[in-house]
Amino acid sequence: MRIWFKIWKSNRLIKDTVITDESEDTRTHKIFRALEEVCYEFDLSKPIWLDATIAEFKRHDKARFYQDHFVEEVPFDYLEIEVIEED
């Protein structure tokens, strides 16, 4: 599985990375582990998955985490997560 993480500010891509997980773990575990890894890499607190975020991710394999998803203040408009390749 490959997951693309992008940080956007003022409609511009500020930072991005792709996390690859080839383990035999469940899809959910892979996504949570990749999110944890990217938060460490980008020095962010882990965002909260709201019901609307979960629903959007299930429908489109893509979700956005805005300021209200984070406990701390973030210096960007949103963090986008997108599954670009499934196992």
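This passage describes the largest pocket, the salt bridges, a surface patch and selected backbone features of a predicted model.

The model is predicted, and local features were therefore accepted only at pLDDT of at least 70 and side-chain atom pairs only at pLDDT 80 or more, while totals for chains, interfaces and linings use all residues. Residues are numbered from 1 along each chain as its sequence is written, and side-chain values use heavy atoms, with hydrogens and water left out.

The largest pocket has a volume of about 160 Å³. Pockets were located on a 1 Å grid over the protein atoms alone, as open sets of points where a 1.4 Å probe fits, with protein on both sides within 12 Å along at least five of seven lines; lining residues have an atom within 4 Å of a point. Grid points were joined across faces, edges and corners, and the volume is the space filled by probe spheres set on the points. The lining consists of R27, T28, I31, F32, W49, I54, F57 and K58. Two elements, α1 (27–42) and α2 (51–60), each give two or more residues to this lining; helices (H or I, at least four residues) and strands (E, at least two) are DSSP runs, numbered from the N terminus. Helix α1 provides the largest share, 4 residues. By class, the lining holds 5 nonpolar, 1 polar and 2 charged residues, where Ala, Val, Leu, Ile, Met, Phe, Trp, Tyr, Cys and Pro count as nonpolar, Asp, Glu, Lys and Arg as charged, and the others, Gly among them, as polar.

One of the lining residues, F32, is placed in helix α1. At a relative accessibility of 43%, F32 is partly exposed; buried denotes under 20% relative accessible area, exposed over 50%, and partly exposed the range in between (1.4 Å probe, protein chains only). The C-alpha atoms of F32 and K46 are separated by 9.7 Å, the two residues being 14 residues apart along the chain.

Across the whole structure, 9 salt bridges were found, each defined as a side-chain nitrogen of Lys or Arg within 4 Å of a carboxyl oxygen of Asp or Glu. Two of them involve the pocket-lining residue R27, which is partly exposed at 31% relative accessibility. In one, the side chains of R27 and D61 meet at 2.5 Å, N to O. Because D61 lies in the loop between α2 and β3 (62–66) and R27 in helix α1, this pair ties together parts that are 34 residues apart in sequence. D61 is itself partly exposed, with a relative accessible area of 25%. In the other, R27 meets E86 at 2.8 Å, N to O. This contact links helix α1 to the segment after β4, a separation of 59 residues, and E86 is partly exposed at 37% relative accessible area.

A further salt bridge joins the side chains of R2 and E85 (3.7 Å, N to O). R2 belongs to strand β1 (residues 2–9) and E85 to strand β4 (residues 78–85), so that distant parts of the chain, 83 residues apart, are linked. Both partners are partly exposed, R2 at 33% relative accessibility and E85 with a relative accessible area of 40%. In addition, salt bridges that share partners join K6, R64, E80 and E82 into one network.

On the surface, I48, L50 and V71 form a nonpolar patch with about 270 Å² of accessible area together. Patches are made of residues with over 30% relative accessible area and no salt bridge, like charges being joined within 9 Å and nonpolar side chains (Val, Leu, Ile, Met, Phe, Trp, Tyr) within 5 Å. Accessible areas come from the Shrake-Rupley method with a 1.4 Å probe, and for residues only the protein chains shown count as cover. Within this patch, I48 lies in the loop between α1 and α2 and is partly exposed, with a relative accessible area of 42%.

Backbone geometry was also examined. Most residues other than glycine have a negative phi. N11, in the loop between β1 and β2 (12–20), has a positive phi near 60 degrees and is exposed, with a relative accessible area of 71%. D43, in the loop between α1 and α2, likewise has a positive phi near 60 degrees and is exposed at 70% relative accessibility.

S23 lies in the loop between β2 and α1 and is partly exposed at 29% relative accessibility. The C-alpha atoms of S23 and R12 are separated by 33 Å, with their positions 11 residues apart along the chain counted as the separation.
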